[in-house]
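Here is a short tour for anyone who likes to know a fold before going back to the bench. Have the structure open and follow along at your own pace.

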Amino acid sequence: MGSVLLTSLTSPLVIAKGFFQSGPDFIAEVFQQQPNAKVLWLTDDIRENAKVILGRPVKGLRVRYHQFDLTTAWILEEIGKEMPITIGVVVTDNEIARVKILAYRESRGGEVRYSAYTKQYLGAALTDNNRLDQSIDGITGATLSVWAVNKVAALALYYHAQVTQSRDST
Amino acid sequence: MNIKKSIILNLRWHRRIGLSLFFMVIFLALSGFALNHSVGLKLSNSKLSSDWLLSWYGLEPAANHGFELNAGNWLYQADDSKLFLGNQVIAQCKPPLLSVAEFEQQILALCDDALIMLTAQGQLIEKFTRLQGLPEDISSITVHNNTVYLHGISDVFAFDADRLTVTPTSIILPSSNTAPRPLPRALKEYLKVQGLSSSISMETLILDLHSGRFFGDAGVLFIDIVGLLLCILAITGLWAWVNHQRYRKDQG
């Protein structure tokens, strides 16, 4: 099946920039009981795979996340064209349960924040070569932002696998 | 006879205008050529480091001040948003760099939009942003009795670097000087040589010269007049050609 462009979301009148939700509010919305933040230390192996997923070296030595049972929530940033997009991703049992754009700083391409777009990620999992196993329809005029969200979704799934695997092994 | 007089008068003014515009036409053509090919010529990547040019723009060299760490290194911001430790770029954050503190083998750098946590060697550990809960209007960091405090306009917060939490506190802290200090001369010279001490590109300079904006309103007016004279030059040139044709026809 060919991909369908979500052209209906590309009105030039859309105001793209904005801070839509804070990190603590996003976490409070996801979890009934707010768990403490945990830390994933980025070992050389994790950094190497994260670099392949993002197409650039990952910054920082550690990443924050919140976990309750098999659900983890991640707040990650990736540059769309020039500015970082802050994205909240919730993963349950190695599948994406939610994607939400928390802050969008580019002047164009902010259509990625609409639920019509983000709901495409629901149920997506990671393939063996660290790609999303679902095809995501693009948005005309927001290609770089779409790529950024795809990368962050895949990275959150990869990070989730790391923290749940390490828990399973202990 | 009238046509001949008209031709002479027309050509006289055509020559005068042409001569007075000689240098400006050459300059506008060359600068326009450079702007048309600014990407290929990498003009936007070429940064200005001349002090007088920056002062003409009303700018100070960006990296004039920084924070000296206990090890003797300097932490400062240059080239827009890049954080430097000594000569190395270690992170990026929105300027200005407001405050720096050292705590348990970590360096904490407070920028306008984030608190940057670094190892003692300058490796980025993570960022704590406003979106993650960094309070608004935090202007400085201090360390007192092994606790990190963030100072707002009226509030003080205790900061837990492990859990990334901030807690309001009513503690009264001893005053300490957290203001940035002038960078050492050698570091300033290094930044100047590397073209990191300003944010004006060659493309901006050429564009401002081309449009006359470099000299303010008077410069813009001058370029307007040059444009007007170029139009007159074209008209007088056409007029001279038409009159010359009529004159030749009259002469038979």
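What follows is a walk through the cores, a helix pair, the chain contact and some backbone details of this predicted model.

Let's start with chain A. Its 170 residues include 36% that are buried. The secondary structure amounts to 4 helices and 6 strands, and along the sequence these run β-α-β-α-β-β-β-β-α-α. Of the contacts in chain A with a separation of 6 or more, 65% join residues 24 or more positions apart.

Where do the contacts gather inside the largest nonpolar core? This core has 40 residues, and Ile87(A), Val89(A), Val152(A), Ala153(A) and Ala156(A) have the most contacts within it. Two or more residues each come from α1 (23-30), α2 (44-54), β3 (62-68), β4 (71-79), β5 (84-92), β6 (95-104) and α4 (143-169) of chain A. Helix α4(A) gives the largest share, 10 residues. For a closer look, pick Ala156(A): beyond its neighbours within four places in sequence, Ala156(A) is in contact with Trp74(A), Leu76(A), Val89(A) and Val91(A). Another core, of 36 residues, lies apart from this one and includes Leu108(B), Ala114(B), Phe128(B) and Leu134(B).

Now over to chain B and a pair of helices. Helix α1 (residues 2-20) and helix α7 (residues 216-251) of chain B have axes that come within 9 Å and cross at roughly 150°. Because of that angle, α1(B) is roughly antiparallel to α7(B). The crossing of α1(B) past α7(B) is left-handed. On the α1(B) side the contact includes Ile3(B), Ile7(B), Leu11(B) and Trp13(B), while the α7(B) side includes Leu229(B), Ile232(B), Trp239(B) and Tyr247(B). By class, the residues of this helix contact are 11 nonpolar, 8 polar and 3 charged.

The two chains also meet: 15 residues from chain A and 9 residues from chain B make up the contact. The chain B side that touches chain A has 4 nonpolar, 3 polar and 2 charged residues.

Next, a strand residue worth finding on screen. Phe103(B) sits in strand β5 (residues 99-103) of chain B. Is Phe103(B) buried or exposed? With 16 other C-beta atoms within 10 Å, Phe103(B) is partly exposed. Setting aside residues up to four places away in sequence, Phe103(B) touches Leu108(B), Val143(B), Val148(B) and Ala161(B). Phe103(B) and Thr147(B) are 44 residues apart in sequence, yet their C-alpha atoms are 8.3 Å apart in space.

Finally, some backbone angles. Most residues other than glycine have a negative phi, and most peptide bonds are trans. The table lists three places in chain B to check against that background.

| Place | Backbone feature | Location in chain B |
|---|---|---|
| Pro95(B) to Pro96(B) | cis peptide bond, omega near 5° | Pro96(B): loop between β4 (88-92) and β5 |
| Glu104(B) | positive phi, near 45° | loop between β5 and β6 (106-110) |
| Asp137(B) | positive phi, about 65° | loop between β8 (124-129) and β9 (140-144) |

How do the two residues with positive phi stand in terms of burial? Glu104(B) counts as exposed because 11 C-beta neighbours lie inside 10 Å. Asp137(B) is exposed, with 10 other C-beta atoms within 10 Å.

Technical notes
Residues numbered from 1 in each chain as written. Chains lettered and ligands numbered in written order. Predicted model: local features only at pLDDT ≥ 70, side-chain atom pairs only at ≥ 80, totals over all residues. Core = buried A, V, L, I, M, F, W, Y, C linked by C-beta atoms within 7 Å. Buried ≥ 20, exposed ≤ 12 C-beta atoms within 10 Å, placed from the backbone. Contact = placed C-beta atoms within 7 Å. Axes fitted to C-alpha atoms, helices over the stretch in contact; angles between N-to-C directions. Parallel < 35°, antiparallel > 145°, perpendicular 65-115°, else oblique. Left-handed = near helix turned anticlockwise from the far one by under 90°. Nonpolar A, V, L, I, M, F, W, Y, C, P; charged D, E, K, R; others polar.
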